[in-house]
Amino acid sequence: MRGSRRTLAQYNRLFYERCWRAGSVQRLPGVGPQAAGVPVEIGCGLRPRVPLGAAVLVDFSRTACAKLRRAGASAAVCADLLALPFRTGSLTTLHAYDVLEHVENDRAAVRELARVLASGGSLIVSTPLHPTRWDHFDRVVGHARRYDPGALLELMAEHGLVLEGFAPFGIRPRGRLLNLFGMYYLTRRPRLALRFEERWLRMFAAPEEVPIVSRSDAERFRREAEAMDGAVTTWRRGGRLA
């Protein structure tokens, strides 16, 4: 974080460990399976977007993994994104929602995701877009960056990942006042903030409804991304490892 003695990785570990100690498991909507096999979700915390009983969940937080198991997860593995405990080319469907923007070395992160993904396998990621839209929310939740759409395409292409589709996606509160209010309580009274968030999610979220990802190409993504604050993108693994 700017102006902090902590590294970004240290900040994120402390911030999210505090949140996950205060919160409970609440599944959120995600993108449906893109290939055969058991889906794996990286960095889900207490907000998985794949079915608990039919996926492998991976997070750096031991607290989150313990709570996921108690909530019924068939497999919750405590591991770091830069050193995933999977064989090269062993996974057919890999999910990573709101993860890459938290990692200082995102090239190493994408390299590791591509390493464990089988040829022809699917990678689903979500990222905030447009560096010019950086604000207080990004700082508080531990982002390293917001992505320029073209830079995201180049990053994925470096590691043999080809864009298949996209849809608007994001968790940043709409409206500056709501944003500031939410961040104030999340940093100072996380238990209360998460209690209200989880109540809202139970009332209004629909985990069975997944975003519809439009089949697309890079040019369409660049063009339509201008109207998005964030996007979920699907990628097909092909070519050699970078």
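Student: Leaving aside its neighbours within four places in sequence, which residues is Trp-235 in contact with?

Tutor: This is a predicted model, and the contacts of Trp-235 can be read from it directly. Beyond those close neighbours in sequence, Trp-235 is in contact with Gly-121, Ser-122, Leu-123, Val-125, Leu-152, Leu-153, Met-156, Leu-161, Val-162, Leu-163 and Glu-164. Trp-235 is also among the residues with the most contacts inside the largest nonpolar core, together with Ile-42 and Leu-94.

Student: How many residues does the largest nonpolar core have, and which elements give two or more residues to it?

Tutor: The largest nonpolar core has 35 residues. Two or more residues come from each of strand 1 (40-42), strand 2 (56-59), strand 4 (91-97), helix 3, strand 5, helix 5, strand 6 and strand 8. A second core, separate from this one, has 10 residues, including Phe-15, Tyr-16, Leu-46 and Ala-64.

Student: How many helices and strands does the protein chain have, and what share of its residues is buried?

Tutor: The protein chain has 8 helices and 8 strands. Of its 242 residues, 50% are buried. The accessible surface comes to about 12100 Å², and carbon and sulfur atoms account for 54% of that surface. One may also look at contacts along the sequence: among those with a separation of 6 or more, 72% join residues 24 or more positions apart.

Student: In what order do the strands of the sheet stand?

Tutor: Let us begin with the general idea. Strands of a sheet pair through backbone hydrogen bonds, and the pairing is either parallel or antiparallel. In this structure, an open sheet of 8 strands has the order 3-2-1-4-5-8-6-7, and its pairing is mixed. Strand 3 (75-78) and strand 7 (214-215) stand at the edges with a single partner strand each, so one side of each has no neighbour in the sheet.

Student: Which strands pair in the parallel sense, and which in the antiparallel sense?

Tutor: Strand 2 and strand 3 offer a parallel example, with 4 bridges between them. Within this pair, Leu-57 has Ala-76 of strand 3 as its bridge partner. For the antiparallel sense, consider strand 8, which pairs with strand 5 over 7 bridges and with strand 6 over 7 bridges. The bridge partner of Ile-124 in strand 8 is Thr-234, while that of Pro-168 is Ala-231. Strand 8 is also mostly covered, as 7 of its 8 residues are buried.

Student: Why is helix 3 described as largely enclosed by the rest of the structure?

Tutor: Helix 3 is described in this way because 8 of its 11 residues are buried. These are Asp-106, Ala-108, Ala-109, Val-110, Glu-112, Leu-113, Ala-114 and Val-116. Their cover includes strand 1, strand 4, strand 5, helix 5, strand 6 and strand 8.

Student: Which residues of helix 5 are buried, and what do they pack against?

Tutor: In helix 5 (residues 149-157), the buried residues are Pro-149, Gly-150, Leu-152, Leu-153, Leu-155 and Met-156. They pack against helix 3 (106-116), strand 5 (117-128), strand 6 (161-168), helix 8 (218-224) and strand 8 (230-237). At the start of helix 5, the backbone nitrogen of Gly-150 has a side-chain oxygen of Asp-148 within 3.0 Å.

Student: Where is Ser-61 placed, and is Ser-61 buried or exposed?

Tutor: Ser-61 belongs to the loop between strand 2 and helix 2 (62-70). With a relative accessible area of 0%, Ser-61 is buried. Its side chain makes a polar contact with the side chain of Glu-17 at 2.7 Å. A polar atom of the Ser-61 side chain also lies 3.0 Å from the backbone nitrogen of Ala-64. Not counting residues up to four places away in sequence, Ser-61 touches Glu-17, Trp-20 and Cys-78.

Student: How many disulfides does the structure hold?

Tutor: A disulfide is a covalent bond between the sulfur atoms of two cysteines. This structure holds 0 disulfides. Cys-65 is in no disulfide, and the nearest cysteine sulfur to its own, that of Cys-78, is 4.6 Å away. Since a disulfide requires the two sulfur atoms to be within 2.5 Å, this pair does not count as one.

Student: Are Cys-65 and Cys-78 buried or partly exposed?

Tutor: Cys-65 counts as buried, because its relative accessibility is 1%. Cys-78 counts as partly exposed, because its relative accessibility is 29%. The cut-off behind this reading is that buried means under 20%.

Conventions: Residues numbered from 1 in each chain as written. Predicted model: local features only at pLDDT ≥ 70, side-chain atom pairs only at ≥ 80, totals over all residues. Heavy atoms only, no water. Buried < 20%, exposed > 50% of the residue type's maximum accessible area, 1.4 Å probe, protein only. Contact = heavy atoms within 4.5 Å. Polar contact = N/O pair within 3.5 Å; in protein donor to acceptor, adjacent residues only side chain to side chain. Core = buried A, V, L, I, M, F, W, Y, C linked by side-chain atoms within 4.5 Å. Areas by Shrake-Rupley, 256 points an atom, 1.4 Å probe, with all protein chains shown as cover. Pairing = 2+ DSSP bridges.
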